[in-house]
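Colleague: Thanks for sitting down with me. Could you walk me through how the labels on this model were reached?

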Amino acid sequence: MALGTILWVDDEIESLQSHILFLKNKGYEVTAITNGLDAIDFVKENPVDVVLLDETMPGISGLETLAKIKEANQQIPVVLITKNETENLMDEAIGRQITDYLIKPVNPNQVLLSLKKIIDNKRLVGETTTTAYQQQFRELFMTLNDNPDYNEWMDLYKKLVYWELEMEKSNSPEMQEVFQTQKQEANTEFFKFISKQYVRWVNPKHTDAPVMSHTLLRSKVFPNLEKGVPMFFVLIDNLRFDQWKAIQPVFARNFRIQSEETFYSILPTATQYCRNAIFAGLLPVEINALFPTLWKNDEDEGGKNLSEEEFFRSQLKRLKMDHLKTSYTKVLNHQAGQDLVNNMHNLMSNDLNVIVYNFVDMLSHARTEMEVLKELASDEASYRSITSSWFEHSPLHQALKKIADKKITIVLATDHGSVRVKTPYKVIGDKQTTTNLRYKHGRNLNYEAKEVLAFRDPKEAGLPAPTINSSFIFARGDGFLCYPNNYNYYANYYRNSFQHGGVSMEEMIVPVIKMSGKG
């Protein structure tokens with residue numbers, strides 16, 4: 001079977017017979033044609049993997065032939081071969097979507113390299129990726145078994161995300177399965193790590209703790225304020241680190257990415273806890289004590305995130321930063337996004353602008369409920385893809401592009417991530433037990449101790465106790481919590497959906513990115 005079907009178009013094709021023979025010996029099927037019109041007809045009637053196209057030919061030129069070939073089949077890669085090195089010709093050729101550009105006289109190895117880049121790229125990259133991961137596998141395994149601290153866990157998770165993205169290039173299901181097993185082992189160890197460390201981290205007397213939700217603004221946002229330089233703190237709800245990596249290239253087109261860090265989301269990794277903690281600069285138990293009328297527990301009536309702006313302004317006042325000129329914008333729907341686009345120029349007069357954007361969280365919830373989204377976001381790779389597509393065409397992207405050429409600072413972060421759940425765990429509780437799939441609180445909870453992280457005293461975890469004798473439990477890894485009644489129905493319904501609230505690297509180790517405008 002041929003490695004690829006090549007159409008070589010050149011009016012002096014006789015002088016290229018040695019090149020054609022060389023390619024045939026390498027396993028390619030080559031058809032030679034001497035003019036553009038015949039080449040266009042050939043492309044219309046025959047499958048072709050790559051066209052090698054001479055730029056200067058009698059009759060219609062190479063660029064005219066290129067345009068007609070693209071009209072016939074937009075996807076065919078075309079390599080333009082020319083003696084002419086003028087910049088305007090190169091610009092026009094690139095504008096007409098050539099895939100590669102070779103200068104005459106060409107040698108056979110130049111042509112072969114170009115064909116390998118075009119035809120064999122995916123296979124060669126996949127093979128190289130698999131080999132490189134095999135070499136890194138032992139190093140990752142050793143790190144896992146060497147009691148990593150919280151900084152090493154963040155580095156380890158970044159490496160796992162890197163390899164997960166690289167594995168998309170591999171065509172080896174076996175290696176992808178090995179990687180998924182290693183990631184699962186990492187989450188098992190991460191659960192043990194969090195179980196041992198979390199109470200110490202949220203203890204106000206403990207100084208050696210990572211940056212977490214309630215210290216994010218103090219640690220990563222306020223220190224980057226600069227006089228005369230407007231700052232935008234953009235919080236995209238429920239954005240995992242791998243989803244950030246999916247939208248990073250879109251940001252990089254317009255902004256200089258200065259740092260790419262992570263921080264730890266508090267538990268539960270759910271919006272009403274994490275986001276309120278971010279803007280208040282306090283743990284939920286502290287928010288509840290200071291703002292008893294504003295804090296709402298899971299079972300309370302009304303919206304749980306209606307007081308973020310008030311919490312934010314109280315933090316500024318507490319830190320004696322309330323002299324700053326600030327704005328707070330929350331985008332919950334498309335119209336609010338368009339309003340943001342239209343208002344960006346007004347925000348440039350502020351010291352600090354907060355933008356909370358809710359799309360990704362809505363996507364994860366809708367993906368659970370809607371069949372069409374289950375198809376579109378069936379696994380991590382497609383979930384990343386749909387996030388990237390959303391951001392590319394979102395009002396948020398349009399809004400930020402309007403200020404990309406200005407002297408500004410952007411800090412982009414999230415409140416928590418999500419994990420694709422696969423393993424159902426049985427939990428028994430009374431009528432007051434909450435319905436969340438990744439965490440629950442209530443009285444008289446009955447569960448398998450090894451399947452959850454449990455706090456019989458919520459205050460140990462920095463959480464308010466909704467009722468007397470109320471305890472919290474958090475699912476580990478890819479687990480989700482189901483009641484025994486209708487167990488099989490709910491286990492099947494929610495399996496492979498993206499959920500948040502529990503203990504996993506994907507939910508707890510989340511991005512905080514600093515960027516600047518190119519102005």
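**Reading the labels**

Modeller: Gladly; let me begin with one pair of strands: β14 and strand β15 (residues 471-475) are joined by four bridges and run antiparallel. Within that pairing, F455 has F472 of β15 as its bridge partner. Please keep in mind that this is a predicted model.

Colleague: What makes β14 and β15 count as a pair?

Modeller: Two strands pair if DSSP finds at least two bridges between them. β14 and β15 have four bridges, so they qualify as a pair under that cut-off.

Colleague: Which sheet do these strands belong to, and in what order?

Modeller: They belong to an open sheet of three strands, ordered β13-β15-β14, with antiparallel pairing. β13 (439-442) and β14 (452-455) are the edge strands, since each pairs on one side only. From one strand to the next, the twist averages 15°. β13 and β15 are joined antiparallel by four bridges, and K440 stands opposite I473 in β15. Helix α8 (residues 173-201) lies across β14 and β15, at about 15° to β14.

Colleague: Which residues cover the two faces of β13?

Modeller: Y439 and H441 are on one side, K440 and G442 on the other, and all of them are buried.

Colleague: Let's turn to the six-stranded sheet. What is its strand order?

Modeller: The order is β7-β18-β10-β6-β9-β8, in an open sheet with mixed pairing. Its edge strands are β7 (255-264) and β8, each pairing on one side only. Here the twist averages 15° from one strand to the next.

Colleague: How do you know that the pairing in this sheet is mixed?

Modeller: Look at individual pairs. Strand β6 (residues 231-236) pairs with β9 in the parallel sense over six bridges, and strand β8 (residues 326-331) also pairs with β9 in the parallel sense over six bridges. In contrast, strand β10 (residues 409-413) and strand β18 (residues 509-517) run antiparallel, joined by five bridges. Parallel and antiparallel pairs thus occur in one sheet, whose pairing is mixed. For landmarks, L235 stands opposite V356 in β9, Y328 has V354 in β9 as its bridge partner, and L412 has I513 in β18. Helix α7 (residues 150-167) lies across β7 and β18, running at about 125° to β7.

Colleague: Why is β9 called largely enclosed?

Modeller: Six of the six residues of strand β9 (residues 352-357) are buried, so the rest of the structure largely encloses this strand. Both faces are covered, with L352, V354 and V356 on one side and N353, I355 and Y357 on the other. β9 also takes part in a right-handed β-α-β unit with β8 and helix α14 (residues 334-347).

Colleague: Why is L80 called buried?

Modeller: The cut-off for buried is under 20% relative accessible area. L80 has a relative accessible area of 0%, so it counts as buried. This residue is found in strand β4 (residues 78-82).

Colleague: Now some helices. Why is α2 called roughly parallel to α3?

Modeller: The axes of helix α2 (residues 36-45) and helix α3 (residues 62-72) come within 9 Å and cross at roughly 15°. Angles under 35 degrees count as roughly parallel, so α2 is roughly parallel to α3. The contact involves G36, A39, I40, V43 and K44 of α2, and T65, K68, I69 and A72 of α3. The crossing of α2 past α3 is right-handed.

Colleague: And what makes α1 oblique to α5?

Modeller: Helix α1 (residues 17-25) and helix α5 (residues 108-119) pack at an angle of about 45°, with axes 10 Å apart. Roughly parallel needs an angle under 35 degrees, and roughly perpendicular begins at 65. The angle falls in neither range, so α1 is oblique to α5. Their crossing is right-handed. H19, F22 and L23 in α1 meet P108, N109, V111, L112 and L115 in α5.

Colleague: Finally, how many helices and strands does the chain have?

Modeller: The chain has 20 helices and 18 strands. Of its 519 residues, 53% count as buried.

Note on methods: Residues numbered from 1 in each chain as written. Predicted model: local features only at pLDDT ≥ 70, side-chain atom pairs only at ≥ 80, totals over all residues. Heavy atoms only, no water. Buried < 20%, exposed > 50% of the residue type's maximum accessible area, 1.4 Å probe, protein only. Right-handed = clockwise from strand over helix to strand, strands pointing away. Axes fitted to C-alpha atoms, helices over the stretch in contact; angles between N-to-C directions. Parallel < 35°, antiparallel > 145°, perpendicular 65-115°, else oblique. Left-handed = near helix turned anticlockwise from the far one by under 90°. Contact = heavy atoms within 4.5 Å.
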